[in-house]
Amino acid sequence: MFQEMLQTLPQVIIDGLTLGSVYAVVALGYTMVYGILQLINFAHGEIFMTGAYIGTAVLLIILGMGFGSSIPSLLLLIIALVITALCTGLLGMGIERVAYRPVRRAPRLVALITAVGVSFILQDVVRIVAEILTGNYIVTGPSLFSKQITIPVSSFLSVFNDASLKVSFFIVLICAIGMMISLDFFVNKTKWGTAIRAVSMDRETAALMSINVNKVIAITFFIGSSLGGATGVLFAIQYGTIDPYIGFILGIKAFIAAVMGGIGNIRGAMFGGFLLGLIEMFASANLSLLTGGIFGAEYKDVFAFAILILVLLFKPEGLLGKAATEKV
Amino acid sequence: MTVLEVNNIETYYGAIQALKGVSFQVERGEIVTLIGSNGAGKSTTLKSISGLAKVKKGAILYNGQDITNKQAHETTLMGISHVPEGRRIFANLTVKENLLMGAFSVKGKAVIEERMENVFTYFPRLKERMNQKGGTMSGGEQQMLAIGRALMMQPNLLMLDEPSMGLAPIVVEQIFEIILQLNEMGITILLVEQNAYQALSIAHRGYVIQNGEIVLTGTGKELAENEEVKEAYLA
């Protein structure tokens, strides 16, 4: 059994890293907003989904123009990422302004329900728009970077099987890691990033430092949402077909990743994202093997949630989180 | 010249009225103290001035300009620095980052450096602890950081909310010594204290606040010798 698990390991790692990097960047959006407002922004998964649609639309429009197919794929990708990040960033900022700011002083449950409402609105708006434009709300984007590569792992280490992957794997991974490194730098080393941390710790005192708290919160939403939207584009490129409901389950998974890493902790969210992606792919490859065929790959989510419960039982503050201490 | 004029302000927390028409003035160059027991409305008065609490009635004038219900970051930009009760330093930021946040709206690296050096002349301890997380320092050091951070804006009016709270007597002496120095440098000071004896000993004038109303006023010395004050706050 162990031998069989080992054989599939290279493929598990590749698939796990792809999915994990998507989780990780989306988890950042949850954790940043939670850190600054203690709000679980359930609409964030839908921002990811909207980003997937905007990016796909941009790619389809450019490729639809006569000269479109002569543009190199990499340039196309960059154009789609930038336009999408801008649009979803503004969308996130708009949602904060319209839906969350008016209820900021209300009990937390109010904002939470508002977030669920925003999430439904986004799903349906995207569905209607996609249906009007293309006749079907399920959309398949152009295939970019879809060349298959096989890594002949078995030829130098015979315990492993070969792993196959699409070129887009590298695109997803590099873009995601690039986004995470830039965000980490921004938050830890720049003035506005420090202001985000200061507002997260103590909003009133930050205001006394002449920091415009509303502006900092708006910037946080812009950054989180533009990263989430850009990840949607990466997702669409990697997995091909998108529908308006991809944001729901992926959003929940990313939220779990954020909680596992320690909600409010940016590096924790990244770590949790990769961990969850790897666990999920490991489960999907090996569950039926481990349970003698009782549970199949379709139980991978149960496995992921079980791990979450274990983490919360033994380290409720998350793997990289610090236990909250009340100092008098 | 009057730096701060508070006219009959009323402030509520939800349905509870915390201030029931508070009026007082602070003249340029003065140290004015607001003393009173727990829950009398001292902190609320400062919060109303800096913009952290919403004033329902009355007006606040700063250098003759109406600043009632301006937002907190705006009053700070106008030269009012408020050191909140309990110090409220950013525990997970380093001492340096805390000071930099204090100078958030200050433009120019050189200017910020210069102001930081100026803060270190008052609080050399902060320089030694520059890269330490604010939350790991002692209470006295945290109070120094809170005051230092407020000085980064080079305020005209410095409002201090219970700077002596929870500190050892010798540290309290140091902090009050520095408040006096800052005042000599030309900063007008509004000091809120439960430690009435210490506050009155350095204040030019004082006000006694009780249940959201000013009940007594006088010079620091007069109040310190007043029988009622002695009985209520100096016992």
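Tutor: In this predicted model, a residue counts as buried when its relative accessible area is under 20%, and as exposed when that area is over 50%.

Student: Is A:I95 buried or exposed?
Tutor: A:I95 sits in helix 3 of chain A, which covers residues 73–100. The cut-off for a buried residue is under 20% relative accessible area. A:I95 has 10%, so A:I95 is buried.

Student: Which residues does A:I95 contact, leaving aside its neighbours within four places in sequence?
Tutor: Contact here needs heavy atoms within 4.5 Å. With those neighbours left aside, the partners of A:I95 are A:I47, A:Y100, A:V118 and A:L122.

Student: What distance separates the C-alpha atoms of A:I95 and A:A218?
Tutor: Along the chain, A:I95 and A:A218 are 123 residues apart. In space, their C-alpha atoms are separated by 9.7 Å.

Student: Which helix gives the largest share of the largest nonpolar core?
Tutor: The largest nonpolar core has 70 residues, and A:L28 and A:M180 are among those with the most contacts inside it. The largest share of this core is 12 residues, and they come from helix 1 (residues 2–37) of chain A.

Student: How many residues does the second, separate core have?
Tutor: This core includes B:I89, B:V95, B:L160 and B:V208. Its number of residues is 46.

Student: How many residues of helix 9 of chain A are buried?
Tutor: Helix 9 spans residues 213–239 of chain A and reaches 39 Å from its first C-alpha to its last. Helix 9 is mostly covered: of its 27 residues, the number buried is 22.

Student: Which residue takes a positive phi just after helix 9 of chain A?
Tutor: The phi in question is about 85°. The residue that takes it is A:G240.

Key
Residues numbered from 1 in each chain as written. Chains lettered and ligands numbered in written order. Predicted model: local features only at pLDDT ≥ 70, side-chain atom pairs only at ≥ 80, totals over all residues. Heavy atoms only, no water. Helix = DSSP H or I, 4+ residues; strand = E, 2+ residues; numbered from the N terminus. Buried < 20%, exposed > 50% of the residue type's maximum accessible area, 1.4 Å probe, protein only. Core = buried A, V, L, I, M, F, W, Y, C linked by side-chain atoms within 4.5 Å. Expected span 1.5 Å × (residues − 1).
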